[in-house]
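Biologist: Could you take me through one part of this model in close detail, and then show me what lies elsewhere in the chain? I would love a connected account rather than a list.

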Amino acid sequence: MRHALSKRFAFWRRRRLPFAVLFKKFQTILERNNQILELMADMGDKLGGEYVFDRHYIEHSVQELEDLVFKLVSDFSLLNRKRNTELLIAFEQIRQAINGDLAGRPVQTASTPRIVPLSAIGLELTDEVGAKMATLGELHNRLGLTVPDGFTITTGAFAEFLATTGLSARHAEAVRYWRDGDDQALRRLAEESHRRLLSAPLPRDLSALLLTAFRDLAKRRDDQGDLKVALRSSATGEDGTSSFAGQYATVLNVAEGRFLEAYRQVVASAFTYPAWRYRLARGYQDYEMAMAVGCQCMVAGTTSGVLQTYAPQQDAKVMGIESIWGLCAPVVNGDCPVDSFLLDRIPPYRLRVQVVAHKPRQLVMDQQSGTLWQDVAADRQHLPSLNDSQLQRLAETAMTLEGFFKRPLEIEWTFSTADTLHILQVRPLSRWSAAPARAIVEAADEPQAEVIFAGRGTIVQCGIAAGRVVLIDSDDDLDRFPHGGILLVRHSSPRYSAIMHKARGIITDIGSSTGHMATIAREFRVPTIVNTEVATSLLQPGELVTLDATRNVVYRGDVSEGHHFDLIEEELFEDSAEYRLLRRVLNHIIPLNLLNPQGEDFVPASCRTCHDITRYIHEKAVEELILLSENHGAAHASAPRRLTADIPIGLLVINAGDGLAGPADAPEVAVDDVLSLPLQALLDGLIHLGMWCTTPVAVDLHSFMSSFTRTFTTALAGPRDIGRNLAVVMRHYMNINLRLGYHYTTIDAYIAETINDNYIYFRFLGGVTEFIRRSRRAACIARVLEHFDFRVEIHGDLVVGRLKKQAPSRMRDRMRMLGALLCYTRQLDAQMHSDRDVACHAADFIQAIRNPSGGNTHESRR
């Protein structure tokens with residue numbers, strides 16, 4: 001395949017195309033990138049639970065997406081004149097995976113894995129591992145919650161085992177008995193089937209595979225010889241709209257010697273009379289019955305129980321918890337008295353009611369295998385089984401899970417001897433009141449509901465959330481983000497995916513509904529509004545607000561009647577075959593793995609989804625355009641024209657298309673004849689904001705000589721002809737290389753109406769003084785850039801800043817700021833006498849930009 005792809009794209013490498021043609025191809029890449037992001041956003045919206053769609057929608061969307069991604073790779077190959085074979089291979093692998101899902105490969109095929117580790121499980125594998133284990137895998141791998149380690153024995157293994165027993169054909173017989181009302185015949189069929197499965201030997205290869213998986217888990221957990229596991233049913237349909245509660249078996253504290261027997265016991269429980277009758281009553285077909293089995297390390301629970309995110313028979317403002325000492329099974333089985341707690345559903349999750357039961361005994365792990373009852377110490381029998389800290393952690397986790405699944409939940413949990421909270425099972429909570437979802441609409445219509453702002457920005461993910469505002473200014477703040485907070489940021493970024501499992505809602509000043517963060521917010525189902533422009537100025541950190549991302553309103557306080565999520569109804573489209581298919585397909589499309597463009601793994605071989613490919617090409621296309629402008633832009637455009645300006649900048653401007661007015665052969669061009677939007681804004685900052693300084697600066701001999709002994713690599717210094725002040729411009733694009741004094745600056749910018757296309761790349765290096773002063777100036781510039789929303793890197797006296805995806809007016813403001821910054825910092829390194837000067841000059845410049853009439857601020861510091 002590599003040879004064929006190489007031959008297909010070889011002709012592009014032989015052609016030398018004009019810069020204007022390549023720039024047009026760059027614009028096409030931007031357009032396709034936006035089309036792909038918009039299509040992914042539309043498909044992602046369908047997973048929110050509020051839309052109904054059919055298979056035709058999925059197939060049509062996939063066909064359109066694959067066509068766009070292939071054309072995107074082809075466009076990039078023309079732009080960078082390379083084969084991009086690795087990208088094409090990555091795309092082909094993704095395409096084959098998607099088409100495999102669309103083809104509906106049955107789970108019992110030979111290609112289906114028989115064992116899947118917990119680390120590889122998500123909701124997209126529901127058909128293979130069952131809903132119960134798919135949910136636990138999602139909690140562990142996506143939300144980062146603690147789930148007992150283990151693996152799943154898939155429905156493929158079940159099909160292999162069942163084929164050796166001859167029971168596959170008995171379903172039609174059971175259906176006949178059911179339709180005829182012959183309950184006794186159905187009971188006899190079930191009892192016979194159950195006995196046969198308990199005594200049937202497993203296929204030899206399957207037995208060896210299961211024991212190997214058990215031993216591998218023991219090695220990984222360093223429990224060789226002592227590992228005990230819990231085997232839990234995870235059948236098709238279990239824990240969906242049909243709970244199958246109590247129908248299937250769970251076997252606790254299983255040692256290696258009983259492992260295969262316990263597996264047969266769980267599988268056989270699918271053929272008991274109650275379980276078979278339950279399936280028939282719910283309308284399940286024979287092909288919909290498959291039993292996966294979860295195998296997880298046993299947790300020696302000290303306190304265990306069940307939490308319901310809406311307490312039964314209570315008002316809509318509280319969650320309910322029941323707990324006991326020891327393992328969890330007695331709570332769900334109703335075998336002993338339990339402690340009861342009612343907590344508020346909003347932070348700080350105040351304890352409303354506590355009822356402590358007399359708990360004389362607890363279920364614990366037997367040292368050999370299985371479980372046994374043990375007496376509780378007399379002084380603990382009347383103590384509450386949960387302390388305040390544990391109640392808080394349970395509440396935080398419950399609200400995180402409810403926000404993710406967008407429905408009330410019942411959660412089984414246990415605290416280990418190390419006081420670590422382990423989630424054992426999560427299932428939908430049946431018979432919940434729909435009042436909470438309606439209450440916020442009713443309450444919001446009341447006159448006392450104070451609106452902070454409305455109709456600002458764009459809704460990314462529908463939903464309703466209440467919580468306290470948490471403002472994030474830097475990556476350091478991410479570690480301190482609390483559970484249940486409303487994330488408030490100036491601009492969107494994929495790095496916020498690290499805390500989305502904690503966030504109840506997201507509001508940004510700047511951002512796009514088709515940007516990377518928006519895609520991840522939809523994936524996590526966090527109610528989100530972006531691009532409000534006013535949120536950080538109107539919302540105060542710590543204040544309680546209600547975010548209505550359904551009607552695009554932010555209220556002061558909690559205006560809901562106890563709810564913070566726009567919960568979906570009990571009859572869920574999410575349980576349909578179409579929904580499950582779309583989720584599996586989107587697993588190859590939406591997740592973003594390439595988060596850091598400067599990371600070592602930001603390479604084509606790491607692209608595992610369509611989103612990865614578009615992210616990679618977008619970043620690399622910008623880099624390629626910068627190189628083309630620096631190295632080839634002048635060679636394929638008009639003759640350079642000298643800019644006549646009021647400052648001694650000595651700039652030559654090359655028009656690569658619609659960037660300048662006036663005769664093309666004129667030797668000079670006036671500032672008023674510049675049509676390039678980025679250059680217009682930059683010159684406005686250079687010339688009109690009053691930052692240009694002409695006062696001589698005293699430089700000591702040591703500093704001056706150090707500037708002459710420096711060497712520059714091409715990568716750091718920019719174009720080959722260092723010191724040549726040159727700009728290549730088009731109507732919406734500019735690449736400029738400047739030498740002002742002894743520092744070198746490159747700015748590459750694209751500014752147009754489509755927000756997703758806009759970017760600014762800024763690079764600053766050099767100076768006349770010794771390294772310490774140059775590095776202080778670099779730190780000062782970095783502070784300014786970060787204040788104005790740039791993502792910044794510093795390497796000694798080199799500063800690199802990047803800004804993307806903001807409105808054209810804001811991008812022009814940032815270009816004006818850069819023009820003023822170049823003036824202000826032109827000789828600033830000579831004044832950097834101490835580290836204190838870094839913050840002082842940064843503050844002075846920011847203040848001067850806010851009040852340009854103040855003149856050149858830093859002259860007063862000399």
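Modeller: Gladly! Let us start at one bridge: Ala 454 has Val 553 as its bridge partner in strand 21. This is a predicted model, so please read everything below in that light. The two strands concerned, strand 14 and strand 21 (residues 553-556), pair in the antiparallel sense over three bridges. They belong to an open sheet of eight strands, ordered 14-21-20-16-17-18-19-15, in which the pairing is mixed. Strand 14 (451-454) stands at one edge and strand 15 (458-461) is an edge strand too; each has a single partner strand, so one side of each is left without a neighbour in the sheet. From one strand to the next, the twist averages 30°.

Another open sheet makes a good companion to that one. It has five strands in the order 1-2-5-3-4, with antiparallel pairing. Here strand 1 (115-117) and strand 4 (250-254) are at the edges with a single partner strand each, so again one side of each has no neighbour in the sheet. The twist in this sheet averages 20° from one strand to the next. Helix 9 (residues 204-220) packs on the sheet and touches strand 1, strand 2 (150-153), strand 3, strand 4 and strand 5, its direction making about 170° with that of strand 2. Helix 10 (residues 259-268) lies across strand 2, strand 3, strand 4 and strand 5, and runs at about 25° to strand 3. Within the sheet, strand 3 (residues 229-235) and strand 5 (residues 291-297) are joined by seven bridges in the antiparallel sense. As one example of how they line up, Ser 234 stands opposite Ala 292 in strand 5.

Further along the chain, strand 30 (residues 798-804) has two pairings worth following. Strand 28 (residues 759-766) runs antiparallel to strand 30, with six bridges between them, and Phe 764 has Val 799 as its bridge partner there. Strand 29 (residues 791-795) is also antiparallel to strand 30, through five bridges, with Glu 793 bridged to Val 800. The hairpin of strand 29 and strand 30 has two residues between the strands, and Gly 796 takes a positive phi near 65° in it. Strand 30 is mostly covered, since five of its seven residues are buried.

Now for the interior. In soluble globular proteins, nonpolar side chains tend to be buried together. The largest nonpolar core in this model has 63 residues, and those with the most contacts inside it are Phe 19, Phe 26, Ile 58, Ile 589, Ile 613 and Ile 617. Helix 2 (residues 19-45) gives the most to this core, with eleven residues. Apart from it lies another core of 56 residues, including Leu 643, Met 691, Val 729 and Ala 848.

Two smaller stops remain. In helix 4 (residues 85-102), 18 residues at 1.5 Å a residue should span 26 Å, and the end C-alpha atoms are 26 Å apart, which agrees. Among the buried residues of helix 4 are Leu 87, Phe 91, Glu 92, Ile 98 and Asp 101. Ser 606, for its part, sits in the loop between helix 18 (577-586) and helix 19 (610-633). Its relative accessibility is 17%, so Ser 606 counts as buried. Leaving aside neighbours within four places in sequence, Ser 606 is in contact with Leu 594, Asp 601 and Asp 612.

Key. Residues are numbered from 1 along each chain as its sequence is written. This is a predicted model: local features need pLDDT of at least 70, side-chain atom pairs count only at pLDDT 80 or more; totals for chains, interfaces and linings use all residues. Side-chain values use heavy atoms; hydrogens and water are left out. Helices (H or I, at least four residues) and strands (E, at least two) are DSSP runs, numbered from the N terminus. The expected span of a helix is 1.5 Å times one less than its number of residues. Buried means under 20% relative accessible area, exposed over 50%, partly exposed in between (1.4 Å probe, protein chains only). Two strands pair if DSSP finds at least two bridges between them. Axes are lines fitted to C-alpha atoms, for helices over the stretch in contact, and angles run from 0 to 180 degrees between N-to-C directions. Contact means heavy atoms within 4.5 Å. A nonpolar core is a set of buried Ala, Val, Leu, Ile, Met, Phe, Trp, Tyr and Cys residues joined through side-chain atoms within 4.5 Å.
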